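Trainee: I would like to take a close look at a single part of this structure, the place where its helices pack together. Could you walk me through that part slowly, and then connect it to what surrounds it?

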Amino acid sequence: MKYWEIIADNLSKAGWSLGYVSAVDSEGRTICIVDAHRDDAKRFIVHANELLTAFLELELANRFVQSAQSIAERV
């Protein structure tokens with residue numbers, strides 16, 4: 001199993017629906033786009049040169065959302 005697949009599985013378990021696409025632009029560069037959304041209207045769209053980088057960005061965003069929710073619950 002690839003590391004980005006592990007991240008995708010963890011995000012899915014955290015309630016995120018995921019989709020991704022990899023394409024080549026007109027200059028021959030690879031572009032990876034990952035879309036993650038939840039039922040509570042949270043949504044992230046990330047683009048990067050590598051799929052792993054895009055999923056790492058989403059993992060970071062998920063941690064930020066969880067931290068913000070935790071803080072909001074304490075207030």
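Mentor: What follows begins with the chain as a whole, turns to the helix packing, and then moves on to the charged pairs and a loop.

Please keep in mind throughout that this is a predicted model. The chain holds two helices and three strands, and when you read from the N terminus onward the elements come in the order α-β-β-β-α. Along the principal axes, the C-alpha atoms fill a box of roughly 50 × 25 × 20 Å. Of the 75 residues in the chain, 28% count as buried. If you take the contacts in the chain with a separation of 6 or more, residues 24 or more positions apart account for 32% of them.

Now to the part you asked about. Two packed helices are described by the angle between their axes and the distance between the axes. Here helix H1 covers residues 3-13 and helix H2 covers residues 51-74, and the two pack at an angle of about 30 degrees with their axes 9 Å apart. Angles under 35 degrees count as roughly parallel, and H1 and H2 are therefore roughly parallel to each other. The crossing in which H1 passes H2 is left-handed.

It helps to look at which side chains you would find where these helices meet. From H1 come Tyr-3, Trp-4, Ile-7, Ala-8 and Leu-11, while H2 contributes Leu-51, Leu-52, Phe-55, Leu-56, Leu-58, Glu-59 and Asn-62. Sorted by class, the contact of H1 with H2 has ten nonpolar residues, one polar residue and one charged residue.

Glu-59 deserves a pause, since this residue of helix H2 is among those that meet H1. Buried means under 20% relative accessible area, and Glu-59, with a relative accessible area of 17%, is therefore buried. Once residues up to four places away in sequence are set aside, Glu-59 touches Tyr-3, Ile-7 and Leu-11, and these three residues also appear on the H1 side of the helix contact.

H1 also has a charged pair of its own. Side chains of opposite charge can pair when their charged atoms come close. Asp-9 and Lys-13 form a salt bridge in which the closest N and O atoms are 3.2 Å apart. Because they are four residues apart in helix H1, Asp-9 and Lys-13 are separated by about one helical turn. Asp-9 is partly exposed, its relative accessible area being 33%, whereas Lys-13 counts as exposed at 66% relative accessibility.

The salt bridges come to six by count, and two others share a partner. Asp-25 pairs with Arg-29, the closest N and O atoms being 2.8 Å apart, and Glu-27 forms a salt bridge with Arg-29 as well, with the closest N and O atoms 3.4 Å apart. The accessibility of these residues is worth following one by one: Asp-25 is buried, with a relative accessible area of 18%, Arg-29 counts as partly exposed at 48% relative accessibility, and Glu-27 counts as exposed at 61% relative accessibility. Salt bridges that share partners join Asp-25, Glu-27 and Arg-29 into one network.

Finally, consider the stretch around strands E2 and E3. The loop between strand E2 (30-37) and strand E3 (43-48) contains Ala-41. In this residue, phi is near 75 degrees, a positive value in a residue other than glycine. Ala-41 is exposed, with a relative accessible area of 70%.

Arg-43, in turn, is found in strand E3 and counts as exposed at 51% relative accessibility. Leaving aside neighbours within four places in sequence, Arg-43 is in contact with Trp-16, Asp-35, Ala-36 and His-37. Although Arg-43 and Trp-16 are 27 residues apart in sequence, they are 8.8 Å apart in space, taken from C-alpha to C-alpha.

To return to your question, the part you asked about is a left-handed crossing of two roughly parallel helices, with the buried Glu-59 among the residues that meet there.

Technical notes: Residues are numbered from 1 along each chain as its sequence is written. This is a predicted model: local features need pLDDT of at least 70, side-chain atom pairs count only at pLDDT 80 or more; totals for chains, interfaces and linings use all residues. Side-chain values use heavy atoms; hydrogens and water are left out. Axes are lines fitted to C-alpha atoms, for helices over the stretch in contact, and angles run from 0 to 180 degrees between N-to-C directions. Angles under 35 degrees count as roughly parallel, over 145 as roughly antiparallel, 65 to 115 as roughly perpendicular and the rest as oblique. A crossing is left-handed if the near helix is turned anticlockwise from the far one by less than a right angle, and right-handed if clockwise. Contact means heavy atoms within 4.5 Å. Ala, Val, Leu, Ile, Met, Phe, Trp, Tyr, Cys and Pro count as nonpolar, Asp, Glu, Lys and Arg as charged, and the others, Gly among them, as polar. A salt bridge is a side-chain nitrogen of Lys or Arg within 4 Å of a carboxyl oxygen of Asp or Glu. Buried means under 20% relative accessible area, exposed over 50%, partly exposed in between (1.4 Å probe, protein chains only).
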